[in-house]
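Please look over the sequence and the three-dimensional structure shown here before reading the report. The text is meant for someone meeting this protein for the first time.

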Amino acid sequence: MDQLTLWMALGFLFAGYSVIANDSIQTLGTWIASNNERFKWTTMWIAASSVLLFTLWHGWYINGGDISYGRLDKIPFQEVQWYHASAPLILLLLTRVGVPVSTSFLVLSAFASTFVLEKMLVKSIMGYAVAGVFAYALWIFVARRLDERNNPVKEERKKWWRVAQWVSAGFLWWTWLAHDIANIAVFLPRQVPWDMMIGVSLIFVGGLAYMLREGGGKIQQIVLEKQHTRYVRSATIVNIAYFLCLYFFKELNNIPMSTTWVFVGLLCGRELAISTVSNGSYRLKNVFPIIGKDFMKMMIGLGASLGIVLTIHYIIVPNGL
């Protein structure tokens, strides 16, 4: 194995683990929170792996070997160097301490030009704002009519909500994968051969098994500290809202964006809406510390991303700008 192949392999492994351990909680977090006491993690792993493998191989088949679904059209393949592989390593370290870092910024910034990074940032800011406003408007309506603690789902209806949640989680998982798989595929050839696809599939499925066995890891705490995310009805509504937001931006254009920012914006708008209509102790003064903490963690990730791209383009390879 030559040095370039080694950096490509290390970068792919670091990115693969970080994406599964960090970003996948955006889509599977509420599903895990409301099902991990009812189903074995192996059952959930089989279900999530089925969608993952379908998305991966479907994209590979219809796009002539490109598993990124066209998200890397503006980021051509580059020979992977040590500084490319260091980006997902930094992401891995931040993930382990529970920081909800944008994988798109932190990983793709090592490969993208400052022009593409600027477009990614603008689209992500718009995603955060749109998701927040949409969630606030939706939950102002929902929170007035649903009270998970005092008026829970009736037992005879729970099974239908459970089915709805699994179906919505499946569509959300598929939509998210079709977008964020680019954060891992950036380390691979743009046309992945079939034998490499088998290895990629095994690594993804293995990482998913580890994440589910751990109950979501440290990033799962961001989901658990929000109101009612363990309830199947609320979890289903979160899934549907997030799916609609991601699908809209996925179809908007092929520019990658931070799905982390969309997810945090969605939860932010939801928490603000719940506190607005709440008659109990959960008021705005309880929400702002949670929102502020999440936002500061996002800024840490953005700062790390900008530091990486500026270091690469202005110090390490200044002629590559």
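The report below moves from the overall fold to a helix, the nonpolar regions, the charged pairs and a few single residues.

**Overall fold**

The model is predicted, and the values that follow are computed from it. The protein has twelve helices and zero strands, and its elements, read from the N terminus on, run α-α-α-α-α-α-α-α-α-α-α-α. Of the 321 residues of the protein, 54% count as buried, and the accessible surface comes to about 14,400 Å², of which carbon and sulfur atoms supply 65%. Among the contacts between residues with a separation of 6 or more, 85% join residues that are 24 or more positions apart.

**Helix α11 and the nonpolar core**

Helix α11, which covers residues 259-277, has 19 residues, and at 1.5 Å a residue these should span 27 Å; the C-alpha atoms at the ends of α11 are 28 Å apart, which agrees with that expectation. Of those 19 residues, 18 are buried, so α11 is largely enclosed by the rest of the structure.

In soluble globular proteins, nonpolar side chains tend to be buried together. The largest nonpolar core of this model has 85 residues, and those with the most contacts inside the core are Trp-139 and Leu-208. Helix α11 gives the most to this core, with eleven residues.

What does Leu-208 contact, leaving aside its neighbours within four places in sequence? The residues in contact with Leu-208 are Ile-20, Leu-28, Trp-45, Ala-48, Ser-49, Leu-52 and Trp-173. One of these, Ser-49, lies in helix α2, which covers residues 41-62, and Ser-49 is buried, with a relative accessible area of 6%. Seen from Ser-49, and again leaving aside neighbours within four places in sequence, the contacts are with Val-205 and Leu-208.

**A nonpolar patch on the surface**

Nonpolar side chains also appear on the surface, where Trp-82, Leu-306, Leu-310, Tyr-314, Ile-315 and Ile-316 make a nonpolar patch of about 600 Å². Helix α12, which covers residues 284-316, gives the most to this patch, with five residues, and Tyr-314 lies in that helix.

**Charged pairs**

How many salt bridges are counted in the model? The count comes to two, and the table lists each pair with the distance between the closest N and O atoms.

| Acidic residue | Basic residue | Closest N and O atoms |
|---|---|---|
| Glu-251 | Lys-250 | 3.1 Å |
| Glu-271 | Arg-270 | 3.0 Å |

In the pair of Glu-251 and Lys-250, Glu-251 is partly exposed, with a relative accessible area of 46%, whereas Lys-250 is buried, with a relative accessible area of 13%. In the other pair, Glu-271 is buried, with a relative accessible area of 1%, and Arg-270 also counts as buried, at 1% relative accessibility.

**Two further residues of helix α6**

Arg-162 is found in helix α6, which covers residues 155-180. Is Arg-162 buried or exposed? At 14% relative accessibility, Arg-162 counts as buried, because the limit for a buried residue is under 20% relative accessible area. Not counting residues up to four places away in sequence, Arg-162 touches Ser-34, Asn-35, Arg-38, Phe-39 and Val-232.

Asp-180 lies in helix α6 as well, and at 0% relative accessibility Asp-180 counts as buried. The C-alpha atoms of Asp-180 and Ser-258 are separated by 8.6 Å, although these two residues are 78 residues apart along the chain.

**A residue with positive phi**

Tyr-69 is found in the loop between α2 and α3, the latter covering residues 82-96. Most residues other than glycine have a negative phi. The phi of Tyr-69, however, is near 55°, a positive value in a residue other than glycine. Tyr-69 is also buried, with a relative accessible area of 16%.

Definitions and conventions:
Residues numbered from 1 in each chain as written. Predicted model: local features only at pLDDT ≥ 70, side-chain atom pairs only at ≥ 80, totals over all residues. Heavy atoms only, no water. Helix = DSSP H or I, 4+ residues; strand = E, 2+ residues; numbered from the N terminus. Buried < 20%, exposed > 50% of the residue type's maximum accessible area, 1.4 Å probe, protein only. Contact = heavy atoms within 4.5 Å. Areas by Shrake-Rupley, 256 points an atom, 1.4 Å probe, with all protein chains shown as cover. Expected span 1.5 Å × (residues − 1). Core = buried A, V, L, I, M, F, W, Y, C linked by side-chain atoms within 4.5 Å. Patch = residues over 30% accessible without salt bridge, like charges linked within 9 Å, V, L, I, M, F, W, Y side chains within 5 Å. Salt bridge = Lys/Arg side-chain N within 4 Å of Asp/Glu carboxyl O.
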